[in-house]
Amino acid sequence: MKLYKSSFIKIICLSTALFFASCNETLDLQPVSEIGADGFYKNADEVNLAVIGIYSSLHGIQNREWMLTEVRSDNTYMNPNSTETKDLAVREIDRFVQSSQNVYLKEYWQACYRTINLSNVVLKNLDVVSDPALRNKFEGEARFLRAHAYFNLVRLWGGVFIVTEPVSGLEAKTMDRSPQSEVYAFIINDLRMASEMLPPTQGGASLGRVAADAAKTLLGKALLTAGGDDNLEEAKTVLEEVVSGNFGLQPTYASVFSLSNEYNNEILFAVRYQSGSVGLGSPHPNFFAPLQSDNYVVFGNGDGLNVPTESMSNAYGVSDPRKAPSMADTWLGFNNAVRADRHVTKYNSPFNAVDDGGSDWIVLRYADALLLLAEAINQKSGPTPEALGYLNEVRTRSLGASAALTMSQVATYFDFKVALEKERRLEFGFENHRWFDLVRTGRAEAVMSQHFATEFQYNDPAHPSLNTGALQHYQILLPIPQYEIDLNPNIAQNTGY
């Protein structure tokens, strides 16, 4: 049963934040719209609804995140067959020429801060929960979800506003951005606490809610991204705990994403969707299906907004079974005519209304913990048999034992780093990992400059206005949304914008 099943979304105004709450049908509450912010939180059931509301808010993040991660990587691009002015805001992000007024930057920023605000509301009202274990669980969930939103923000924008409680509009106008180092310290502290407070697993009616290993995996990733010897050592420790914990790899890659096998033992954390015209469906199948594909790929045509690149298609090779569950190079149209349009298939599912897919978006899975641990070991000690073992555990799950890499193939630190980079690209294709991986490992400028130099659509003589040069260092960070600067002119814009 999905976390949101038998639920519906309500809107509550708490201070200046919008609060989305999914209310279980078995609870006999007066209409939420009639309850003031100060009168709502009286017991654990009401705090539980508030926690579910944080999970509900993740749709706002996930429905835009692929634009700022996959499209900004060498995995995908904006459909080159669209007119130059169609979906211009996405094309600008694709080419790294977006301005501070780009609508999708604003929407994603606001979605992250909505999740942060909802988390802060929960953390402020935990005193009404008398059961210590239940209070710890709620606090751990709120801290994890707040850290998740902040981790995305700091990797995309650098220094951002650290908000720990609901603030008024006047207070917001006087706030300033905190340095990246302080934001990472804040994230790491939240995740350390969440790792200790969350239960080892959450099943049954709580399936879909985060458990301790999800917090540890995100903590390991945050520590590796923040950098530093102490962080590296801690990342290795917490990731080792995950690898020896309650999760494991699915027998096949395809089974990880099967609609009949959702939230299997490889999935640490996913944003949940539910089709059926209940307001919880996923728009991603329609976003990603080919233009003018009518109902042949998914119901209701496609927008062609997140097209796999030629290099991504070629990277899989002819025998990699990870490709078919992730993308396709063609589709069958009228009279079974073959249409050559690459498209993402990982989130497709049967549905009967536009933007109403049922596939969850997996954010963290056990394979990620294995490869992050291999990365931490290589960072600390260079390539070792132990690190290679973790890499090969993921690799051979899909390619078979004969595809295992040998120490001679990854003899140096850089050899192992590049092998790991390639493996992560294929293992997590179209899951919003690639851009963050390139930033974390310091490879964004080199890889993206090569991408712009070799992909045809950025060098098409027929469309010179779309030509794109090498990635500049300042472009790694996005511009702060203009509306924030309009509200508080003292805020510094990121360099270059």
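1. Start with the second largest cavity. In this predicted model, its lining divides into seven nonpolar, two polar and three charged residues. The volume of the second largest cavity is about 100 Å³. Its lining residues are V256, F257, S258, E262, Y263, I267, A270, K346, Y347, S359, D360 and I362. A probe the size of a water molecule, rolled over the atoms, shows where empty space is left.

2. How many cavities of 30 Å³ or more does a search of the whole structure find? The search finds two. The largest cavity holds about 160 Å³ of space. It is lined by 17 residues, and the closest to its centre are R155, K221, V363, N432 and F436. That lining divides into seven nonpolar, five polar and five charged residues.

3. Which elements build the lining of the largest cavity? At least two lining residues come from each of helix 2 (44-68), helix 5, helix 8, strand 10 (361-365) and helix 17 (434-440). Find these elements in the structure, then look for the space they line.

4. N432 deserves its own point. N432 is among the residues closest to the centre of the largest cavity. It sits in the loop between helix 16 (413-427) and helix 17. Its relative accessibility is 3%, so N432 counts as buried. The phi of N432 is near 70 degrees, which is positive in a residue other than glycine. Most residues other than glycine have a negative phi.

5. F96 also has a positive phi. The value is near 60 degrees, and F96 is not glycine. F96 belongs to the loop between helix 3 (88-94) and helix 4 (103-124). Is F96 buried or exposed? With 2% relative accessibility, F96 counts as buried. Check the backbone of F96 and of N432 when you go through the loops.

6. Now the pockets. The second largest pocket contains about 410 Å³ of space. Its lining has 21 residues, and the closest to the centre are Y77, N79, P80, N81 and D341. By type, the lining of this pocket has eight nonpolar, six polar and seven charged residues.

7. T330 touches one of those pocket residues, D341. The other contacts of T330, leaving out residues up to four places away in sequence, are V338, R339, A340 and H343. T330 is in the loop between strand 6 (327-328) and strand 7 (331-332). Its relative accessible area is 39%, so T330 is partly exposed; the buried class stops under 20% and the exposed class begins over 50%. T330 and L364 are 34 residues apart along the chain, and their C-alpha atoms are separated by 29 Å.

8. L68 gives another picture. L68 lies in helix 2. With a relative accessible area of 1%, L68 is buried. Which residues does L68 touch, not counting those up to four places away in sequence? They are I93, L105, Y108, L156, W157, W435 and L478. L68 and D94 are 26 residues apart in sequence, and 8.3 Å separates them in space, C-alpha to C-alpha.

9. Does the length of helix 7 agree or disagree with its number of residues? Helix 7 covers residues 180-197, which makes 18 residues. At 1.5 Å a residue the expected span is 26 Å, and the end C-alpha atoms are 26 Å apart, so the two agree.

10. What does helix 7 pack against? Its buried residues are V183, Y184, F186, I187, I188, D190, L191, A194, S195 and M197. They pack against helix 5 (132-157), helix 8 (212-226) and helix 9 (229-243). An α-helix has 3.6 residues a turn, so residues three or four places apart point the same way. Keep that in mind when you read the list of buried residues in helix 7.

11. N231 shows the contact with helix 9 in detail. N231 is in helix 9. It touches I188, L223 and A226, leaving out residues up to four places away in sequence. I188 is one of the buried residues of helix 7. N231 counts as buried because its relative accessibility is 17%, and the limit is under 20%.

12. Finally, confidence. The average pLDDT of the chain is 91, and 92% of the residues score at least 70. Over residues 4-36, however, the pLDDT is below 50. That stretch has 71 contacts in the model beyond near neighbours in sequence.

Key. Residues are numbered from 1 along each chain as its sequence is written. This is a predicted model: local features need pLDDT of at least 70, side-chain atom pairs count only at pLDDT 80 or more; totals for chains, interfaces and linings use all residues. Side-chain values use heavy atoms; hydrogens and water are left out. pLDDT is the predictor's confidence in each residue, from 0 to 100. Contact means heavy atoms within 4.5 Å. Helices (H or I, at least four residues) and strands (E, at least two) are DSSP runs, numbered from the N terminus. The expected span of a helix is 1.5 Å times one less than its number of residues. Buried means under 20% relative accessible area, exposed over 50%, partly exposed in between (1.4 Å probe, protein chains only). On a 1 Å grid over the protein atoms alone, a cavity is a set of points where a 1.4 Å probe fits but cannot get out, and a pocket is an open set with protein on both sides within 12 Å along at least five of seven lines; lining residues have an atom within 4 Å of a point. Grid points are joined across faces, edges and corners, and a volume is the space filled by probe spheres set on the points. Ala, Val, Leu, Ile, Met, Phe, Trp, Tyr, Cys and Pro count as nonpolar, Asp, Glu, Lys and Arg as charged, and the others, Gly among them, as polar.
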